[in-house]
Amino acid sequence: QVQLVESGGGLVQAGGSLRLSCAASGRTFSNYAMGWFRQAPGKEREFVAAISRNGGITYYEDSLTGRFTISRDNAKNTVYLQMNSLKPEDTAVYYCAADSTYIQRGGRGIEYWGKGTLVTVSS
């Protein structure tokens with residue numbers, strides 16, 4: 001089992017920045033691809049970003065490229081999501097995900113999920 005705990009969410013004004021963290025425990029962190037998803041009120045969950053096991057490959061939801069950056073520190077068993085130039089439409093619960101193979105953009109078959117951290121962007 002892998003346990004994922006997100007942190008770093010909160011209230012921020014439009015144009016501001018936040019960095020989310022996801023701390024993993026239970027298994028060898030570097031064996032897992034990691035990702036971030038989000039779910040806004042009344043909407044379906046959507047893919048945000050993902051990173052390969054060694055951090056060499058990253059990919060993003062197209063509309064977020066340039067504002068969001070995913071990274072990981074395998075020594076700290078942590079994956080990060082740096083969010084800049086935040087907009088009210090970025091308001092959502094952000095979830096961390098881990099999979100021993102690949103983070104599918106649709107979120108199907110992902111092995112482990114965190115419980116989420118709420119990000120609220122005020123206008």
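## Worked exercises: salt bridges, strands and rings

Glu46 comes out partly exposed, at a relative accessible area of 32%. Keep that value handy for the first exercise. The model you're working with is predicted.

### Exercise 1: the charged network

Work out which residues the salt bridges that share partners join into one network.

*Step 1.* Start with the tally: there are 3 salt bridges in the structure.

*Step 2.* Take Glu46. Its side chain meets that of Arg38 in a salt bridge, 2.5 Å from N to O. Glu46 is partly exposed at 32%, while Arg38 is buried, with a relative accessible area of 7%.

*Step 3.* Now look at Arg38 again. Its side chain also forms a salt bridge with Asp90, at 2.9 Å from N to O. Arg38 sits in strand 4 (residues 33-39) and Asp90 in the loop between strand 8 (78-83) and strand 9 (92-99), so this pair ties together parts 52 residues apart in sequence.

*Step 4.* Check Asp90 itself: with 0% relative accessibility, Asp90 is buried, because the cut-off is under 20%.

*Step 5.* Asp90 has a salt bridge to Arg67 as well, 2.8 Å from N to O. Arg67 lies in the loop between strand 6 (58-60) and strand 7 (68-73), so here the parts tied together are 23 residues apart in sequence. Asp90 and Arg67 are both buried.

*Result.* Through shared partners, the salt bridges join Arg38, Glu46, Arg67 and Asp90 into one network.

### Exercise 2: the residue after Asp90

Decide whether Thr91 is buried or exposed, and list what Thr91 touches beyond four places away in sequence.

*Step 1.* Place the residue: Thr91 is in the loop between strand 8 and strand 9.

*Step 2.* Compare the accessibility with the cut-off. Thr91 has 18% relative accessibility, and buried means under 20%, so Thr91 counts as buried.

*Step 3.* Find the polar contact. The Thr91 side chain reaches the backbone oxygen of Pro88 at 2.9 Å.

*Step 4.* Leave out residues up to four places away in sequence, and the contacts of Thr91 are Ala40, Pro41, Val119, Thr120 and Val121.

### Exercise 3: the open sheet

Find which strands stand at the edges of the sheet with the order 1-3-8-7.

*Step 1.* Read the order: this is an open sheet of 4 strands, 1-3-8-7, with antiparallel pairing.

*Step 2.* Look for strands with a single partner strand. Those are strand 1 (3-7) and strand 7, so each has one side left without a neighbour in the sheet.

*Step 3.* Add the geometry: from one strand to the next, the twist averages 15 degrees.

*Step 4.* Zoom in on one pairing. Strand 7 and strand 8 run antiparallel and are joined by 6 bridges. Ile70, for one, stands opposite Leu81 in strand 8.

### Exercise 4: strand 5 and its partners

Trace the pairings of strand 5 with strand 4 and strand 6, and say why strand 5 is described as largely enclosed.

*Step 1.* Go to the strand 4 side. The two strands run antiparallel, joined by 5 bridges. Trp36 has Ala49 in strand 5 as its bridge partner.

*Step 2.* Follow the turn. Strands 4 and 5 make a hairpin with 6 residues between them, and Gly42 in the turn has a positive phi of about 75 degrees.

*Step 3.* Move to the strand 6 side: 3 bridges, again in the antiparallel sense. Ile51 stands opposite Thr58 in strand 6. This hairpin has 6 residues between its strands, and Gly55 takes a positive phi near 85 degrees.

*Step 4.* Now for the burial. In strand 5 (residues 46-51), 5 of the 6 residues are buried, so the strand is largely enclosed by the rest of the structure.

### Exercise 5: the rings

Classify the aromatic pair of Tyr59 and Tyr102, then find the cluster that ring pairs make.

*Step 1.* Begin with the count of 5 aromatic pairs.

*Step 2.* Tyr59 and Tyr102 are 5.7 Å apart centre to centre, with 20 degrees between the planes. Planes under 30 degrees apart count as stacked, so this pair is stacked.

*Step 3.* Locate the partners. Tyr59 is in strand 6 and Tyr102 in the loop between strand 9 and strand 10 (112-113), 43 residues apart.

*Step 4.* Check exposure: Tyr59 is buried at 15%, whereas Tyr102 is partly exposed at 48%.

*Result.* Ring pairs link Phe37, Phe47, Tyr59, Tyr102 and Trp113 into a cluster.

Notes:
Residues numbered from 1 in each chain as written. Predicted model: local features only at pLDDT ≥ 70, side-chain atom pairs only at ≥ 80, totals over all residues. Heavy atoms only, no water. Salt bridge = Lys/Arg side-chain N within 4 Å of Asp/Glu carboxyl O. Buried < 20%, exposed > 50% of the residue type's maximum accessible area, 1.4 Å probe, protein only. Polar contact = N/O pair within 3.5 Å; in protein donor to acceptor, adjacent residues only side chain to side chain. Contact = heavy atoms within 4.5 Å. Pairing = 2+ DSSP bridges. Axes fitted to C-alpha atoms, helices over the stretch in contact; angles between N-to-C directions. Phe/Tyr/Trp six-rings, centres within 6.5 Å; stacked < 30°, edge-to-face > 60°.
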